[in-house]
Amino acid sequence: MKRAVFPGSFDPITLGHYDIIERGLGLFDEVIIAIGINADKKYMFSLEDRKRFIEEAFGKDQKIKVMTYSGLTIDFCKEQNAAFILRGLRNPADFEFEKAIAHTNRKLSEIETVFLLTSSGKSYISSSIVRDVIRNNGDYTSLVPDTVRI
């Protein structure tokens with residue numbers, strides 16, 4: 001079974017994330033959406049809300065699991081018998097950042113990172129932009145799946 005982990009904080013999940021996950025389903029037998037827990041980070045949405053947004057967005061799709069983890073992503077991948085990490089790229093800055101992480105992960109493990117380019121119509125969307133729109137009472141609904149509601 002080809003299993004991939006798609007890690008992130010998903011604070012909140014965006015249509016960019018959704019795009020990568022949907023397209024990843026065509027490449028892998030299973031995609032684990034792994035919500036990372038970082039005690040030093042301040043989140044807008046609770047872990048429970050972030051998990052619920054994702055679970056509701058993908059319904060009962062048997063090829064998707066939603067899990068939480070802390071620590072190194074490669075350790076979580078090993079625990080889940082996942083040979084791949086799935087990552088989305090929006091721009092060259094994302095690539096440079098993700099490339100360094102992918103090289104480190106490859107050095108520390110046998111896990112391969114697979115990059116997908118975000119669809120052009122969604123490449124400008126980021127969770128930080130969505131949070132800023134929400135904080136300023138803007139209409140965020142065109143940036144996130146319908147399940148993300150305040």
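Biologist: Let's start with Asp146: is this residue buried or exposed?

Modeller: Keep in mind that this is a predicted model. The cut-off for exposed is over 50% relative accessible area. Asp146 has a relative accessible area of 63%, so the label is exposed.

Biologist: Which residue forms a salt bridge with Asp146?

Modeller: The closest N and O atoms of the pair are 3.5 Å apart, and a salt bridge needs them within 4 Å. The partner is partly exposed, at 36% relative accessibility. That partner is Arg149.

Biologist: Which residues are joined into one network by salt bridges that share partners?

Modeller: One link in the model is a salt bridge between the side chains of Arg3 and Glu30, at 2.4 Å from N to O. Arg3 sits in strand β1 and Glu30 in strand β2, so this pair ties together parts that are 27 residues apart in sequence. Both Arg3 and Glu30 are buried. With shared partners counted, the network is Arg3, Glu30 and Lys65.

Biologist: Over in helix α1, about how many helical turns separate Asp19 and Arg23?

Modeller: Their side chains meet in a salt bridge at 2.9 Å, N to O. Asp19 is buried at 7% relative accessible area, while Arg23 is partly exposed at 33%. The two are four residues apart in the helix, so the separation is about one helical turn.

Biologist: And how many salt bridges does a search of the whole structure find?

Modeller: Among them are Asp19 with Arg23 and Arg149 with Asp146. Searching the whole structure gives a total of twelve.

Technical notes. Residues numbered from 1 in each chain as written. Predicted model: local features only at pLDDT ≥ 70, side-chain atom pairs only at ≥ 80, totals over all residues. Heavy atoms only, no water. Buried < 20%, exposed > 50% of the residue type's maximum accessible area, 1.4 Å probe, protein only.
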